[in-house]
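Please explain how this assembly is organised, moving from its domains to the packing of its helices and the contact between its chains.

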Amino acid sequence: MENIALLLHGFSIAFSLENMAAAIFGAVVGLIIGAMPGLGGITGVSLLLPLTFGMNPTTAIIALAGLYYSTMYGGAFSAILLNIPGDSPAVVTSIDGFKLTQKGLPGKALNASTVSSFIGGTIGIIILTVSGPLLARAGLAFGAPELALLVLFALTSIGWLLGDDIPGGLLATAIGLMFATVGVDPALGQSRYSFGQISLLSGISFIPMVVGFFGFAQVIDMIIAGDDGAVATHVRIRDCVPTWKEIKMMLPVSIRQGIIGTFVGVMPGAGATTSAFLSYIMEKRINKYRDEIGTGSMIGVAAPESSNNAAAAGAFAPLLTLGIPGGATTAVLLGGLMMWGLQPGPLLFTEQPDFVWSLIASMYIGNVICLVLAFVCIPVLVRAISVSKKVLVPVIIAVCVIAAYANSYTMFDVVLMLICGVLGYLMKISNIPTTPMLLTFVLGPMLEQYVRQSFDMTRGDPSIFFRGGICWFFIILILLVSFSPLLKKLYTKARSKA
Amino acid sequence: MRKMRMVALLAAILIVAAMPLMAKGSAEVSDDGTFQMTKEARIIVPANPGGGSDISARMIADIVNRNHMTEKNFVVENRPGGACAVGYNYVGSQKGDPYTLLSLHSGNIVVSAVNGWEMQWDDLTDIIAIMAWDDITLCVRTDGPFETIEDVIEYAKANPGKLRFGSDQRGNTSQLGFELMRKYIGLDMNYVQYDSSGDVASALLGGHVDVGILNPGECIGQVRGGLLKPVVTFAPERISGELFGDAPTFIELGYPEITYREFRGLSGAKDMPEAALNYYVDLCKRITETEEWNVNYLEANNLQPAFMPHEEAMQFTADHVNQIMQTFEEVGYFDLLN
Amino acid sequence: MGYVFPGLSILVGIYWAVKAFGYRLWVLNGPGGGLFPLIAGIMAIVFGAVLIIRRYRTREKADFSIKSVLPIAGVIGIIIASYIIGLIPALGVFIILWMVIYEKEKWGKSIAVGVGTALVLWLVFDLWLAVPLPMGVFELL
């Protein structure tokens, strides 16, 4: 109950004119940055953090936190409309989202993503409010072996994403893993496969790569397709509004994935991408409408969007209660706290209650602002996508180039984008799916590092992977996933006999 | 049609009008050999905003601009990528330019040497001045089995190959601390490597490692909150302040060889005019004397005051790099590569 | 064309796998920097081969079109031009030329879209986000 009183106090601060302006500013900027192909949460926070230097810390964090999760809303826009995810969590959203756009239902996809983002985000913030410190403590129980098994579990379930073309999907997985191994090796700290390029010393940058594989390859495809129409034709505003049946379908998914996403977001390093991915494959497995997922289903959009927004909120728990970052973007925010003269750590809650609680209060408000803003934008965006391809194609090419360049201000990243675009196009004409590739690219290095750390801890004794309840839980899940086709076969055989 | 032509015309006018704004000044060294800034100087940060190098660069720029210490302003530009290679090589490409500066951190220099870059730190940059020590401590969990460094040493000696030492990726400055402890105390510990100090702190708090190597600025919040405790420092003298002051140095413990410190400061593009270099050395000296620097930066981030001008700093850095390369050579690190 | 990607994958996979041994498979009691690349390389070789065999059997054709070279040439042109006239003008000029030459649009509309996009990109990236962009000759002015 004490938390509620503190939260109300936080609301009273967050509702000040200055802080409301900051929240709205952050949300608007975040939505624009998120919607720009190739620009996501970490870029947005990095680019705007310097501007808040010297601001009042409460106002500054309210603006940046608003920006952080509104990029999550915006990131889904370019993923759904153009098949260009702005950051890694949106990769999963683009699978079903862009298929809906191609079906002429971009509005429905955008609405599904917005509403479920709101639900997931709000659930995450409620959990954060009620049990922030406890949650962060629970996250600490996940050491390298537990995290290795979690990531391995996510990777083994890639099978569900491959569809009919198993060898093609596995080839894509292999390519993703090869790309992922460029950069610093986790055993000796040396650069691998850098081909003498300084830009590759610490690995292939995600943004130019994703802009190439998704955006640029998409453009090539649009040119080949050749018709003069728009990406999505016959778009009616009427089709944007979800039906009652669709709401009933998505609501339990959003709530369920919101809760799980929050917990995944708390784990050190796991973050929004893992949670988005896990939520998608979980629904693909258990949902009543699972057969539709992957062909352009609103559930396929709602699950990852709810989950990644919840994870974004969950990542604040270790940041605020322990002073340790839960992911890449919160690491930048942690630097921000220090710049504003605050000391992140367990005393933040007691020493700076105004700061912490007005931040949490502002997250509730920011979520509402994002929801309203997104609803205002959707009809405009749906119109924009109806623009003729003659205009859209060269403009998207220009945006792909500058988004790749802005990653690290080098032409190398533009060249990288171009190479990935060509590879993406070759994969497309060979009917090889790109999604498994991007997911192994994100998860592969995590697995490699966690495995290395586990062996480091025990000096090569693999028994560490069986060290406790959490480990066994994931081992059983992995075994179930791996042998589920076999079990299913046995089960149907047994039933047909009976 | 008319509307569109108007837009085009307007754009053309805008571009032409903006041209003088893009004009560039040239380096001005007057006849009496003094240097005056005729355009903005950029401090390149070879990392993303929010990190240690970024904070120090912004602090320097802020102090210079706010106190009008130079003719023209300082601006900060982040060029992350390739660990720090993209930023360093960019500065290297601006050879001789007195307006391209770099946020100096000794860790980056070590990376360039250990990873055997084609162009080393001293081919790409000249150090203007070392301006702060960023000391290193070994921390333990307060609710863990260890209270002092003696406990740690005793346990590690009694149980070889058991104590988990949480640290940065191999090939970094942090590995030097590990190797020195192994060599001079004879400790057989397990080196567990993490991506960032935040991950080290997190693993330490969760009990997944027994000790963690951290800068005071990286763990001060947890130390104040009573979750972590510094048990020893690698600096030659104790770190000031009550939170870290109780941690002894290795010299006090009788291991004078286990001493090294990281440092921060300002570098510039290689071979800038000597007058410019002297100008910036003097500027750095004046910055380190300001109250803002000492209170808002050093104290707030738990750094120790330092000032070492160009030549002395270059020599000191070269020695630091040598110490690391020699130690890594001795322990056979380079033999493991290829 | 259907053989290009799997074939490329096999070649890159071989390179990756061979190079992996140099990065060590097992080092200091744990997986070395070469273990994951080796797994990835072998996977690429195996599944690349499976795809080639399958493609050969089914005579499945990939619909490659020469038009796909156009945007690639466009980006290469932009990269070169950005060193001469700067990145933002290069992007604007590219849009105008693309629309006029390839899409056979009217000059007026093309210039409006090109200049408009360039202006927006300039506002966002240069003025607002302060991204240091290549300026080409404008840097010398």
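Domain bounds, as used here, come from an automatic or database domain assignment. For chain C of this predicted model, that assignment gives domain 1, residues 4–58, and domain 2, residues 66–139. The centres of these two domains of chain C, taken over C-alpha atoms, are separated by 39 Å.

Confidence may be considered next for chain B. Its mean pLDDT is 88, with 91% of the residues of chain B reaching 70 or more. Residues 13–26 of chain B, however, have a pLDDT below 50, and this stretch has 10 contacts in the model beyond near neighbours in sequence.

Within chain A, helix α10 (residues 206–225) packs with helix α18 (residues 389–408): their axes come within 10 Å and cross at roughly 165 degrees. Because angles over 145 degrees count as roughly antiparallel, α10(A) is roughly antiparallel to α18(A). The crossing of the two helices is left-handed. On the α10(A) side the contact includes I207(A), V211(A), F216(A) and V219(A), while on the α18(A) side it includes V393(A), I396(A), I397(A) and N407(A). The residues of this contact divide into 13 nonpolar, two polar and one charged.

Helix α18(A) also takes part in the contact between chains A and C, to which chain A gives 50 residues and chain C gives 57. On the side of chain A, the elements that give two or more residues are α9 (166–180), α10, α18, α19 (411–429) and α20 (435–458). The largest share, 10 residues, comes from α18(A). By character, the residues on this side of chain A divide into 36 nonpolar, seven polar and seven charged.

Conventions:
Residues are numbered from 1 along each chain as its sequence is written. Chains are lettered from A and ligands numbered from 1 in the order in which they are written. This is a predicted model: local features need pLDDT of at least 70, side-chain atom pairs count only at pLDDT 80 or more; totals for chains, interfaces and linings use all residues. Axes are lines fitted to C-alpha atoms, for helices over the stretch in contact, and angles run from 0 to 180 degrees between N-to-C directions. Helices (H or I, at least four residues) and strands (E, at least two) are DSSP runs, numbered from the N terminus. Angles under 35 degrees count as roughly parallel, over 145 as roughly antiparallel, 65 to 115 as roughly perpendicular and the rest as oblique. A crossing is left-handed if the near helix is turned anticlockwise from the far one by less than a right angle, and right-handed if clockwise. Two residues are in contact if their C-beta atoms, placed from the backbone, lie within 7 Å. Ala, Val, Leu, Ile, Met, Phe, Trp, Tyr, Cys and Pro count as nonpolar, Asp, Glu, Lys and Arg as charged, and the others, Gly among them, as polar. pLDDT is the predictor's confidence in each residue, from 0 to 100.
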